[in-house]
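Dear colleague,

I am handing over a structure for you to look at, and I would ask you to keep it open while you read the notes that follow.

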Amino acid sequence: MKKSFLILLAFAAAACSKKMQVDTPDFNVSPDPARQVADTFVYRLGDTTRFKITGTVGNIAFYSGETGKRYDSRIPTYKLGRLTLSFASKSEWGNQKNTLQVLATNKLAGYDSASVVNAAWKDISSRGTLATNATVTAFGTADLTDLVANASDSLFIAFKYSGVTGSTQRTWTITEWAVNNVLPDRTVSLSSFSADVAYWTRFGNAWNPASARWTASATDLKINGGNDAAPSNTSWVMSKPLYVGRIAPDVSTGVKSINEPDKAEYTYVYPAPGVYRATFVAYNHTLDEEKSTVREFIIKVTP
């Protein structure tokens with residue numbers, strides 16, 4: 001009896017350890033052969049690109065070859081091009097001078113006020129133009145590449161406001177904020193007001209009224225200066241850490257999922273002239289294994 005029980009346990013263990021295997025997809029794709037010139041399929045802008053599909057497969061993904069949709073860029077990478085900062089500003093009320101500084105650092109020990117105030121900030125105010133009155137003034141596009149060490153580095157950017165009691169303090173508004181990693185083939189957005197409204201960090205010594213501190217919205221940063229009786233005010237607002245060389249993976253379009261019937265055709269309209277490497281990835285998978293088949297085509301779209 002004991003021997004039989006051990007044999008059953010051995011069979012059960014073998015069954016549990018067996019991997020769920022899948023077959024390599026039986027899959028093919030063919031663009032319109034009438035469009036083929038040598039190894040390229042040529043279309044006019046506005047034409048519908050039609051891909052005939054044969055075979056049975058669980059899932060199909062499509063990379064059009066456009067920026068942000070390239071198969072070769074599907075894995076996150078780090079690459080640093082030219083790091084740029086741009087924004088616009090206006091300064092209202094009063095006539096106090098030098099009340100705003102633009103600062104940057106790639107070394108921050110912590111997020112507490114002491115760490116921020118004592119960090120090794122670089123004053124980058126002179127790399128552009130700050131407003132002197134209520135006229136909205138473009139800062140320009142400042143190159144910050146020299147402030148970071150390499151593509152895996154991070155950068156913090158801050159605005160430091162100073163208002164002094166005894167005269168009307170200035171009110172500042174910052175708009176059109178953008179920090180970008182400019183590469184030869186694309187521009188990667190690192191920060192914008194609409195994306196980062198929840199990530200600004202504020203420090204200050206005057207918190208009453210609330211308008212005496214920086215406020216962030218999806219369109220601007222703003223701080224309201226007090227009247228001549230208001231206390232002196234030093235107020236900071238700091239960006240999130242900007243990972244300067246991080247490039248998010250390119251994405252595909254789902255053509256078919258395992259819950260859908262087989263597809264006979266997929267169509268796509270390219271929005272601009274250019275030469276694209278269109279890629280289809282067909283794959284079957286389980287929790288234990290995945291097998292895929294890749295088909296690629298060069299698509300040329302003419303004006």
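**Charged pairs**

Glutamate 296 has a relative accessible area of 36% and therefore counts as partly exposed (buried is under 20%, exposed is over 50%, and partly exposed lies in between, using a 1.4 Å probe and protein chains only). Please bear in mind that this is a predicted model, in which local features need pLDDT of at least 70 and side-chain atom pairs count only at pLDDT 80 or more, whereas totals for chains, interfaces and linings use all residues. Residues are numbered from 1 along each chain as its sequence is written, and side-chain values rest on heavy atoms, with hydrogens and water left out.

How many salt bridges does the structure hold? There are nine of them, where a salt bridge is a side-chain nitrogen of Lys or Arg within 4 Å of a carboxyl oxygen of Asp or Glu.

One to find on your screen is the bridge between arginine 50 and glutamate 265, in which the closest N and O atoms are 3.3 Å apart. This pair links distant parts of the chain, since arginine 50 belongs to strand β4 (residues 49–56) and glutamate 265 to strand β22 (residues 265–268), with their positions 215 residues apart (a strand is a DSSP run of E with at least two residues, numbered from the N terminus). Arginine 50 is partly exposed, because its relative accessibility is 42%, and glutamate 265 is likewise partly exposed, because its relative accessibility is 30%.

Glutamate 296 comes back here, as its side chain meets that of arginine 277 in a salt bridge with an N to O distance of 3.7 Å. Arginine 277 sits in strand β23 (residues 274–285) and glutamate 296 in strand β24 (residues 290–302), so this bridge ties together parts of the chain that are 19 residues apart in sequence. The relative accessible area of arginine 277 is 42%, so arginine 277 also falls in the partly exposed class.

Some bridges also share partners, and in this way Arg70, Asp185, Arg186 and Asp250 are joined into one network. Two of these residues, aspartate 185 and arginine 186, form a salt bridge with each other, with the closest N and O atoms 4.0 Å apart. Are the members of this pair buried or exposed, or in between? Aspartate 185 counts as partly exposed because its relative accessibility is 40%, while arginine 186 has a relative accessible area of 13% and is therefore buried.

**Aromatic rings**

Rings of Phe, Tyr and Trp (its six-membered ring) pair if their centres lie within 6.5 Å, and planes under 30 degrees apart count as stacked, over 60 as edge-to-face and the rest as tilted. By this rule, the structure has 21 aromatic pairs.

Phenylalanine 51 and phenylalanine 297 make up a tilted pair, with 6.2 Å from centre to centre and 40° between the planes. Phenylalanine 51 is in strand β4 and phenylalanine 297 in strand β24, so the two rings tie together parts of the chain that are 246 residues apart in sequence. The relative accessible area of phenylalanine 51 is 0%, which means that this residue is buried, and phenylalanine 297 counts as buried too, because its relative accessibility is 13%.

Tyrosine 270 and tyrosine 276, for their part, form a stacked pair, at 4.5 Å from centre to centre and with 25° between the planes. With a relative accessibility of 2%, tyrosine 270 counts as buried, and tyrosine 276 is buried as well, with a relative accessible area of 10%.

Both of these pairs draw on residues of a wider group, for ring pairs link Phe41, Phe51, Phe62, Tyr266, Tyr268, Tyr270, Tyr276, Phe280 and Phe297 into a cluster.

**Charges over rings**

What sits over the ring of tyrosine 71? It is the charged end of arginine 74, at 3.9 Å from the ring centre (the rule asks for NZ of Lys or CZ of Arg within 6 Å of the ring centre and within 35 degrees of the ring normal). A further case is arginine 246, which lies over the face of tyrosine 243 at 4.4 Å from the ring centre.

With best wishes

Definitions and conventions. Helices (H or I, at least four residues) and strands (E, at least two) are DSSP runs, numbered from the N terminus.
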